[in-house]
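Got the viewer open? Take this as a short walk from one selection to the next.

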Amino acid sequence: IGSYRLELSRIAALVTQVVVIVTICLVPIFFLPITSDVFFLNKYLFFFGASMLALISWTGNFVLNHRVRLTLSPLLAPVALFTAITVVATIFGESSIAEAFLGRTGLLLAGLIVFLVGSSFSPKLRPVLVTGLTGIATLLAAVGIASFAGLTMLLGIGNPAEGILSLAGNS
């Protein structure tokens, strides 16, 4: 029974790593002007679903190993504090709780989950994350510069959510 638990633990760790890496790399691509749409529901649902899958497999790995390994980083503390303040403000705010948790507060919670799970990865995976994030940042920067320079209109790439990468904001 020990080898069965060890195999399930290895599968849970692999699922966690793949889900977090794919989420970190795909979410920025979803918000490029060429992939934008008026309704971001599918993108939000992907992010919520991926963060929940990462949390479930991460927790399952802890249960199977009978130990909890949590790595706290200097970046995680401000993100966690900001998310906690936002959740408290949402609970005591005027808006409907269900609406609020499906909006910006839900995105912050999902983002915190991805940060928390991703910060506990082994140091061997850091180059993969850095390479992926650098590639995505380069792509976003190139599209942002092209959008700012008006090249996206020349290429026929419309943006229904106009101004999403504009330095001047929505107009």
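Start by selecting serine 51, which sits in helix 2. One thing to keep in mind as you click around: this is a predicted model.

Is serine 51 buried or exposed? Its relative accessibility is 0%, so serine 51 counts as buried. Now show what surrounds it. Setting aside residues up to four places away in sequence, serine 51 touches Ala110, Ile113 and Val114. Keep Val114 highlighted, as you'll come back to it later on.

Next, move along to serine 57, another residue found in helix 2. Serine 57 is buried too, because its relative accessible area is 8% and the cut-off for buried is under 20%. Which residues does serine 57 contact, once its neighbours within four places in sequence are left aside? Select Ala12, Val15 and Thr16 and you have them. Then draw a distance from the side chain of serine 57 to the backbone oxygen of alanine 54: a polar atom of that side chain lies 3.2 Å from the oxygen.

Now for some rings. Searching the whole structure turns up one aromatic pair. Select tryptophan 58 and phenylalanine 62 to see it: their ring centres are 4.8 Å apart, and with 55° between the planes the pair is tilted. An angle of 55° falls short of the edge-to-face class, which needs over 60 degrees.

Why are these two separated by about one helical turn? Tryptophan 58 and phenylalanine 62 are four residues apart in helix 2, which covers residues 41-65, so about one turn lies between them. Colour by accessibility and both partners come out as buried: tryptophan 58 has a relative accessible area of 9%, while phenylalanine 62 has 16% relative accessibility.

Last stop: the largest pocket. Turn on a pocket display and look for a space of about 580 Å³. To find the middle of it, select Ile24, Leu75, Val114, Phe115 and Leu133, the residues nearest the centre among the 21 that line this pocket. Val114 is the residue you highlighted earlier, as a contact of serine 51.

Which elements give two or more residues to the lining? Select helix 1 (2-30), helix 5 (104-119) and helix 6 (126-149). Helix 5 provides the largest share, with five residues. Finally, colour the lining by residue class: you should get 14 nonpolar, six polar and one charged.

Terms used:
Residues are numbered from 1 along each chain as its sequence is written. This is a predicted model: local features need pLDDT of at least 70, side-chain atom pairs count only at pLDDT 80 or more; totals for chains, interfaces and linings use all residues. Side-chain values use heavy atoms; hydrogens and water are left out. Rings of Phe, Tyr and Trp (its six-membered ring) pair if their centres lie within 6.5 Å; planes under 30 degrees apart count as stacked, over 60 as edge-to-face and the rest as tilted. Buried means under 20% relative accessible area, exposed over 50%, partly exposed in between (1.4 Å probe, protein chains only). On a 1 Å grid over the protein atoms alone, a cavity is a set of points where a 1.4 Å probe fits but cannot get out, and a pocket is an open set with protein on both sides within 12 Å along at least five of seven lines; lining residues have an atom within 4 Å of a point. Grid points are joined across faces, edges and corners, and a volume is the space filled by probe spheres set on the points. Ala, Val, Leu, Ile, Met, Phe, Trp, Tyr, Cys and Pro count as nonpolar, Asp, Glu, Lys and Arg as charged, and the others, Gly among them, as polar. Contact means heavy atoms within 4.5 Å. A polar contact is a pair of N or O atoms within 3.5 Å; within protein, one must be able to donate a hydrogen and the other to accept it, and residues adjacent in sequence count only if both atoms are side-chain atoms.
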